[in-house]
Amino acid sequence: MRPTDSVAVLRPRSPWEAMDLGVLLARRHAGLLMLAWALPALPLLALLSLLLWESPGWVLLIFWWLKPLGERLPLFILSRALFGATPRLGESLRALPGLLRAEWLASLTRRRFNPARSFDLPVLLLEGVAGQELQQRRATLAAGSGKRGAGWLTLVGLHLELALWLGLLAFLYLLLPAPASADLDWQRLLDGTPEEWLWLEHLTNGLYALVLMVWEPLYVACGFGLYLNRRVHLEAWDLEVAFHRLRRRLSGAAGILLLAAGLVLALPDAALAQPSAPQPPPALDRQAARADIQTLLGQAPFHRREETLRWRFGEPTQPSIGARPFDAVGLARRLAGALKILLWATVGAGAALLAWRYRDWLTAFAGRVAPSVRRPPPLPAAHSVPRSEPPALPADIAAEAERLWADAPDQALALLYHGLLERLREDYRLPLSEADTEGEVLHRVRRLEQIELQRLAETLTPHWQNLAYGRQPPPAELKEPLLAAWRRQFGVGRTP
């Protein structure tokens, strides 16, 4: 491949122009590049998902770690397409094993987190050097401003991948039907994915692969553009192309030059007679020569008159007797001291403002540390809910709740929920406070790993929330299973 065969204009560019050249080259062959990346990568992701179905996080980590190997096939296609020899898909796939053999272990270990990976990859695959010669070649190309822009390309690409992936995840969540999205318990998903939701994590891994299918060819093309730009700067490819074009022009005019030479040779000898020798100029003496030189130097372009205006400090004046000299150092110190006081005052005022702004949160946080002095913040009148503390808990909470259910099911449900909180404090020593939400209480119950207690809390808590925040009374069919679960867990009576 010669620079003269390039389909792009090879000239010195800035790093951003060089990356733009790579983007234009990738857009011209976008379909081939994305298909060449996806054919090896997507079956690999499917195989990893089948082998590690219970661990979708490990599938994503392994797939992400193997990303540098997937960048080689798009580079192979771009390097051929630049010189007008775009390979077919089958030819590219047949070249893949040979491309993967070159320094595959180093690409996955010590050079995995190299921010200039897109700039160094063409040196490895396209120049056919290895060992010490490869290291020297990389150092030569990276000298000065050689790979400036490659680090920024990797950083921007990382954020772009993350943004596109999160956008697809949000779009997937919007496509879920309402019952499925309502059943999602985000707290449980963060603690560990339930078995029935493993397919969702594998689907998110597939969305990440779709993002890479679009971004990886662009990333490789931008790095290839930076590499080409560095070669143009070092080896003057633009001059080589210009000289090649000039030679082609002159080769077309060779016949005209030969015809002119033949006509000159056909002229008679008289026309080719030597002209008479020119007469030597008259000799000048030293004074005349000096006068002529001064005259020439006084004319343009040897003589030019220019006026320059500059500012400068005046001459120091002697202070008058009894006058106090100006102390610039002392003034600077006083200004620095005043600025320091102003800054500390600003910091103190900001801290006081933050403390006042988040005073409710600080009160709740202090209540967790010292439960004896905590006080719950009052609720606004517009959000008054039936969450008042019961005057006293009866000895048999289940029997009292059963008695109240016929006339006041909301009071019965409130009694059961406050009784559950009291049992969690006394029997299981959970450090509950008034600042804890229902979700936090339920999370602590799950951490106890008591199956019956967890089922009781998961049944009771949603109906309590519907009552407290939505004023929805519990359904009548909830009475029997809820009281039975209570008696199985706590029995009859109350532990003192």
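A salt bridge is taken here as a side-chain nitrogen of Lys or Arg lying within 4 Å of a carboxyl oxygen of Asp or Glu. In this predicted model, the count by that rule comes to 15 salt bridges.

One of these joins R138 to E103, with the closest N and O atoms 3.6 Å apart. The two residues belong to distant parts of the chain, R138 being in helix α9 (residues 131-142) and E103 in the loop between α6 (89-101) and α7 (104-108), with the two positions 35 residues apart in sequence numbering. R138 counts as buried because its relative accessibility is 8%, under the 20% limit, whereas E103, with a relative accessible area of 24%, is partly exposed.

Helix α9 also carries R137, whose side chain meets that of E127 in a salt bridge with an N to O distance of 2.7 Å. This pair likewise links distant parts of the chain, since E127 is in the loop between α8 (117-126) and α9, ten residues apart from R137.

E127 forms a further salt bridge with R231, for which the closest N and O atoms are 3.3 Å apart. R231 lies in helix α13 (residues 198-235) and E127 in the loop between α8 and α9, so this pair ties together parts that are 104 residues apart in sequence. With a relative accessibility of 14%, R231 counts as buried. The contacts of E127 with R137 and with R231 belong to a network of salt bridges in which E127, R137, R231 and E235 are linked.

Key: Residues are numbered from 1 along each chain as its sequence is written. This is a predicted model: local features need pLDDT of at least 70, side-chain atom pairs count only at pLDDT 80 or more; totals for chains, interfaces and linings use all residues. Side-chain values use heavy atoms; hydrogens and water are left out. Helices (H or I, at least four residues) and strands (E, at least two) are DSSP runs, numbered from the N terminus. Buried means under 20% relative accessible area, exposed over 50%, partly exposed in between (1.4 Å probe, protein chains only).
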